[in-house]
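Visitor: Could you walk me through this one? I'd like to learn how to read its features.

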Amino acid sequence: MTDVYLLSGFLGSGKTSLLMNLIAQLKAEGKKPAVLMNEFGSISIDSDTVANEENIPLKELLNGCICCTGSEQTEAQLQGLLEEYEHIDVILIETTGAAHPVEALDAVYSPLFAERLTIKGIVTVADSKRWLEREKLSPQIRSLFMEQIRHAHIILANKADLLTESELATVTMELGNFNENAPIIQTVNADISFSFIEETLANMKAISEKQVISGKHLPLSSKLIVFDRSVEKDRFEDWVKSLPDTVYRMKGYVPLVGAKNPYLFQYAYGMVNWLPEYVKMEPQLVVIGEGVQQLEYPG
Ligand SMILES: Nc1nc2c(ncn2[C@@H]2O[C@H](COP(=O)(O)OP(=O)(O)OP(=O)(O)O)[C@@H](O)[C@H]2O)c(=O)[nH]1
């Protein structure tokens, strides 16, 4: 049997960071992990990160969320993983930040795999700062954010470095009141031990499927911005700052004036992150949020 872990959490909370940590730990233990990655946008920045790891079987579900694209596609990708690769110990499924965790779980439960997969549970990464400021989210998006936490079997109160001790204590207490069954672990860069996750979930009762508020038909959309020329970093960051709060996530490769290759650019909840790239990636950016269709980079 292959163990399956679902990694959930809102856009930009730290799921890919968790995924990369778990892959490294599993490999160090001599286990073979595989990844099913679900991205909301049409290009897959996170999959590039995983693909940089050698020998990691990887399948993707692009352009929608695992819960809405339906179980057939998920089944097909899981089937592909199990058939194309010999012996996989653990499958890590990174859902999009727009996915409802229980619906994602539903897509994975399939009679096809009853004899082959053991679904261990949902690990949700919560952006601690966003939790404190959750009132700022629009009601539907807030409800998704909270559902991801409510259905978790383990919660990571991530980005602990961005909060004071007392803010962190508040987050931990509030998360605990909201989901009384899941242990809450304060993390930075979603750094947590895989054996802790494994043991905690092994000691939990069978996963119960609670009644859910549907994550379908959320007002989220994604927009691809393609750059036809290099941009000034300062001007680009000014544009980012000028965007409405309903832009939740951006990631992609931005061609900067004076740089050889486009930089990997990440934006999550007010924080921007730039990383140089050693290969020439397509200069394009995915923007995820509410009403982002009209957005353009003014140039
Ligand atoms: N300061 C800080 N930044 C973090 C932490 N964890 C992740 N980040 C940054 O937050 C951004 C988003 O992290 P990811 O791991 O890609 O988040 P994600 O949940 O996979 O994002 P999506 O797949 O787009 O939903 C990146 O720029 C990370 O470097 C943390 O603990 N502290």
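Guide: Sure. Keep in mind that this is a predicted model. Let's begin with the ligand: at least three residues of the shell around the ligand come from domain 1 (2-202), and at least three from domain 2 (220-294).

Visitor: How many residues surround the ligand, and which are the closest?

Guide: The ligand is surrounded by 22 residues, the closest being Lys-15, Thr-16, Ser-17, Gly-97 and Gln-266. Two or more shell residues come from each of helix 1 (15-28), strand 9 (247-254) and strand 10 (263-268).

Visitor: Which element gives the most to that shell?

Guide: Helix 1, with three residues. As for chemistry, the shell has eleven polar, six charged and five nonpolar residues.

Visitor: Now the interior. Which residues touch the most other members of the largest nonpolar core?

Guide: Leu-92, Ile-155, Leu-156 and Ala-157, in a core of 64 residues. Domain 1 (2-202) and domain 2 (220-294) each supply at least three residues to this core.

Visitor: What does Ala-157 touch?

Guide: Leaving out residues up to four places away in sequence, Ala-157 touches Ala-126, Ser-128, Leu-168, Val-171, Thr-172, Leu-175, Ile-184, Ile-185, Gln-186 and Thr-187.

Visitor: And the chain as a whole?

Guide: Start with the inventory: the chain has nine helices and twelve strands. Of its 299 residues, 40% count as buried. Then look at contacts with a separation of 6 or more: 76% of them join residues 24 or more positions apart.

Visitor: What does UniProt list for residues 224-293?

Guide: An unreviewed UniProt entry gives "domain: CobW C-terminal" for that range. In the model, residues 224-293 are 41% strand and 14% helix, and the C-alpha atoms at the two ends are 9 Å apart.

Visitor: What about backbone oddities? Which phi sign does His-87 have, positive or negative?

Guide: Positive, at about 45°, although His-87 is not a glycine. Next, find its place: His-87 is in the loop between helix 3 (71-84) and strand 4 (90-94).

Visitor: Is His-87 buried or exposed?

Guide: To judge that, count C-beta neighbours inside 10 Å; 12 or fewer means exposed. His-87 has 7, so it counts as exposed.

Visitor: Where is Lys-159 found, and is Lys-159 buried or exposed?

Guide: Lys-159 is in the loop between strand 6 (154-158) and helix 7 (165-178). Lys-159 isn't a glycine either, yet has a positive phi of about 60°. Here the cut-off for buried is 20 or more neighbours. Lys-159 counts as buried because it has 28 C-beta neighbours inside 10 Å.

Note on methods
Residues numbered from 1 in each chain as written. Predicted model: local features only at pLDDT ≥ 70, side-chain atom pairs only at ≥ 80, totals over all residues. Near = placed C-beta within 6 Å. Helix = DSSP H or I, 4+ residues; strand = E, 2+ residues; numbered from the N terminus. Nonpolar A, V, L, I, M, F, W, Y, C, P; charged D, E, K, R; others polar. Domains from an automatic or database assignment. Core = buried A, V, L, I, M, F, W, Y, C linked by C-beta atoms within 7 Å. Contact = placed C-beta atoms within 7 Å. UniProt positions renumbered as here; feature names shortened; annotations may be inferred.
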